[in-house]
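User: Please take a close look at the surroundings of one ligand in this model, and then follow the picture outward. I am a first-year student, so short sentences would help.

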Amino acid sequence: MAEKKKKIVKTIKIDVDKCNGCRACEVACSAFHAAPKYSSNNPARSRIRLIRDPLSDVYLPVYAGEEAKAECMGRGKYVIDGKEYSECDFCRSACPSRDIFKEPDSGLPLKCDMCEDNPPNEKPLCVQWCLAEALIYEEREEEVEEPEEQVKAEEVEIGLEAMIDKFGLQKVMDTFSRMSASKKG
Ligand code: SF4
Ligand code: SF4
């Protein structure tokens, strides 16, 4: 059985009522993840996206989570405080039925990484730049069974699978061979 470990769980609580649709969170996230860092910003590359419908006063920030390989069959609707949302509005996945949470050039899925950096940020960038305080950062300690190394390996596998789907196994292997040869040389 896996050993229990203490882990800091990072959470961003979203207060939808406070969101004014300014999209500063998208700009900050895309700039932080640009290469080189802060060299550009493009909300299409952001790992938080704003679902917005100003005529209905709908502003819903959503964080990118795990990729979904296939689109789901259901299309439920929610009515909250008199505002109507589709089931997809709350979905955190890059999926075949829509463009959000996909790297625009490569089509690779995007996932929120809580702005992991070295040295660590005090708060994720989207939280820092949400002046309306609609995004609230929280940390809590939890006991987990899964070793962190296993989680990291699974994340690498998900990324590799997406690249293989997009470019084909041979192309990915050729690229790795070329990269490893240049690192050795
Ligand atoms: S920065 Fe805050 S207020 Fe602006 S769109 Fe994002 S969540 Fe909403
Ligand atoms: S926590 Fe960081 S990576 Fe996640 S959406 Fe916010 S700015 Fe982007």
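Analyst: Start at ligand 1, in what is a predicted model. Around ligand 1 there are 15 residues. The closest are Cys 19, Cys 22, Cys 25, Cys 130 and Ala 132. Two elements give two or more residues to this shell: helix 1 and strand 3. By type, the shell around ligand 1 holds 12 nonpolar residues, 2 polar ones and 1 charged one.

Now turn to ligand 2. Its shell has 13 residues. Here the closest are Cys 29, Cys 112, Cys 115, Pro 124 and Cys 126. Helix 1 appears again, and helix 2 joins it: these are the elements that give two or more residues to the shell around ligand 2. Helix 1 gives the most, with 3 residues. The shell around ligand 2 divides into 11 nonpolar and 2 charged residues, with no polar ones.

Next comes the core. The largest nonpolar core has 20 residues. Which of them touch the most other members? They are Cys 25, Cys 29, Cys 126 and Leu 135. Three elements each supply at least two residues of this core: helix 1 (24–32), strand 3 (58–63) and helix 2 (125–129). Helix 1 gives the most, with 4 residues.

Some names now come back. Cys 25 is among the closest residues to ligand 1. Cys 29 and Cys 126 are among the closest to ligand 2. Those three cysteines are also among the core residues that touch the most other members.

Look at Cys 126 by itself. Set aside its neighbours within four places in sequence. Cys 126 is then in contact with Cys 25, Ala 28, Cys 29, Ile 48 and Leu 135.

Step back to the whole chain. The domain assignment gives domain 1 (5–145) and domain 2 (146–185). Their C-alpha centres lie 25 Å apart. The contact takes 7 residues from domain 1 and 5 residues from domain 2. On the domain 1 side, the touching residues divide into 3 nonpolar, 2 polar and 2 charged.

One last detail is a hairpin. Strand 4 (residues 77–80) and strand 5 (residues 83–86) run antiparallel, joined by 4 bridges. Val 79 stands opposite Glu 84 in strand 5. The hairpin leaves 2 residues between the strands. In that turn, Asp 81 has a positive phi of about 50°.

Key: Residues are numbered from 1 along each chain as its sequence is written. Chains are lettered from A and ligands numbered from 1 in the order in which they are written. This is a predicted model: local features need pLDDT of at least 70, side-chain atom pairs count only at pLDDT 80 or more; totals for chains, interfaces and linings use all residues. A nonpolar core is a set of buried Ala, Val, Leu, Ile, Met, Phe, Trp, Tyr and Cys residues joined through C-beta atoms within 7 Å. A residue is buried if 20 or more other C-beta atoms lie within 10 Å of its own, exposed if 12 or fewer, and partly exposed in between; C-beta atoms are placed from the backbone. Two residues are in contact if their C-beta atoms, placed from the backbone, lie within 7 Å. A residue is near a molecule or strand if its C-beta atom, placed from the backbone, lies within 6 Å of it. Ala, Val, Leu, Ile, Met, Phe, Trp, Tyr, Cys and Pro count as nonpolar, Asp, Glu, Lys and Arg as charged, and the others, Gly among them, as polar. Domain bounds come from an automatic or database domain assignment. Two strands pair if DSSP finds at least two bridges between them.
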